[in-house]
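Here is a short tour for you to follow with the sequence and the model side by side. Take a moment to turn the structure around before reading on.

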Amino acid sequence: MKKLLALLGFMLVVSGCSGQPAFKGKSYQLLEAQNNAKVILEFAQDENRYFGSVVNRYFGAYELDGDKIKFGPAGVTMMMGPEDQMEAEYNYLQILPRIESYKMNGSILILVTNNGQELGFKEIPHPEE
């Protein structure tokens, strides 16, 4: 019986380590966004792609290595919006390439930049839901 419990425990640990990151296939909203902008960040389920919206839609690819994450250049649509929202979008998109790692705290995704700045995102239902 002890061997069976030990084997089951080992299998749970191994399966937890070999799975994909908890954020894959989920949507997040930036907490404490500049100018109260609604900053959405989403991750594809099956590939290392990200996308989201502020005023415009943005999209790109990212690389993972353990808890290290690197966002590639973002493609962005070219719509205009309120000046304060456009400023928040511009500043957010300038931060994405500086992100170096991530951590999860329950349903909160925390992205950490190269100078230690932390961006907290809360999980939200997919926008189409």
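Where does asparagine 56 lie? In this predicted model, asparagine 56 sits in the loop between strand E3 (49–53) and strand E4 (57–65).

Is asparagine 56 buried or exposed? With a relative accessible area of 2%, asparagine 56 is buried, because that value falls under the 20% cut-off. Setting aside neighbours within four places in sequence, its contacts are Val76, Thr77, Met78, Met79, Met86 and Glu89. One of these, methionine 86, is 30 residues away along the chain, and its C-alpha atom is separated from that of asparagine 56 by 8.7 Å.

Now let us step back to the whole chain. The protein chain holds two helices and nine strands, and in sequence order the pattern is α-β-β-β-β-β-β-α-β-β-β. Of its 129 residues, 36% count as buried. Among contacts between residues at least 6 apart in sequence, 42% join residues at least 24 apart. The accessible surface comes to about 8,200 Å², and carbon and sulfur atoms account for 56% of that.

Three strand pairings are worth finding on your screen:

| Strand pair | Sense | Bridges | Residues standing opposite |
|---|---|---|---|
| E1 and E2 | antiparallel | three bridges | tyrosine 28 and leucine 41 |
| E2 and E3 | antiparallel | four bridges | isoleucine 40 and serine 53 |
| E7 and E8 | antiparallel | six bridges | serine 101 and valine 112 |

Strand E2 pairs with E1 (residues 27–30) and is also joined to E3, with a hairpin of five residues leading from E2 to E3. Ile40 and Glu42 point one way from E2, while Leu41 and Phe43 point the other way, and all are buried.

Glutamate 42 deserves a closer look. This residue belongs to strand E2 (residues 40–43). What is the nearest side chain of opposite charge to glutamate 42? That is arginine 57, 4.1 Å away. Glutamate 42 has no salt bridge although it is buried, because a salt bridge requires a distance within 4 Å. Its side chain does make a polar contact with the side chain of serine 27, at 3.0 Å.

Finally, visit the other hairpin in this tour. Strand E7 (residues 99–105) and strand E8 (residues 108–113) form a hairpin with two residues between them. In the turn, glycine 106 has a positive phi of about 65°.

Technical notes
Residues numbered from 1 in each chain as written. Predicted model: local features only at pLDDT ≥ 70, side-chain atom pairs only at ≥ 80, totals over all residues. Heavy atoms only, no water. Buried < 20%, exposed > 50% of the residue type's maximum accessible area, 1.4 Å probe, protein only. Lys, Arg positive; Asp, Glu negative; His and termini not counted. Polar contact = N/O pair within 3.5 Å; in protein donor to acceptor, adjacent residues only side chain to side chain. Contact = heavy atoms within 4.5 Å. Areas by Shrake-Rupley, 256 points an atom, 1.4 Å probe, with all protein chains shown as cover. Pairing = 2+ DSSP bridges.
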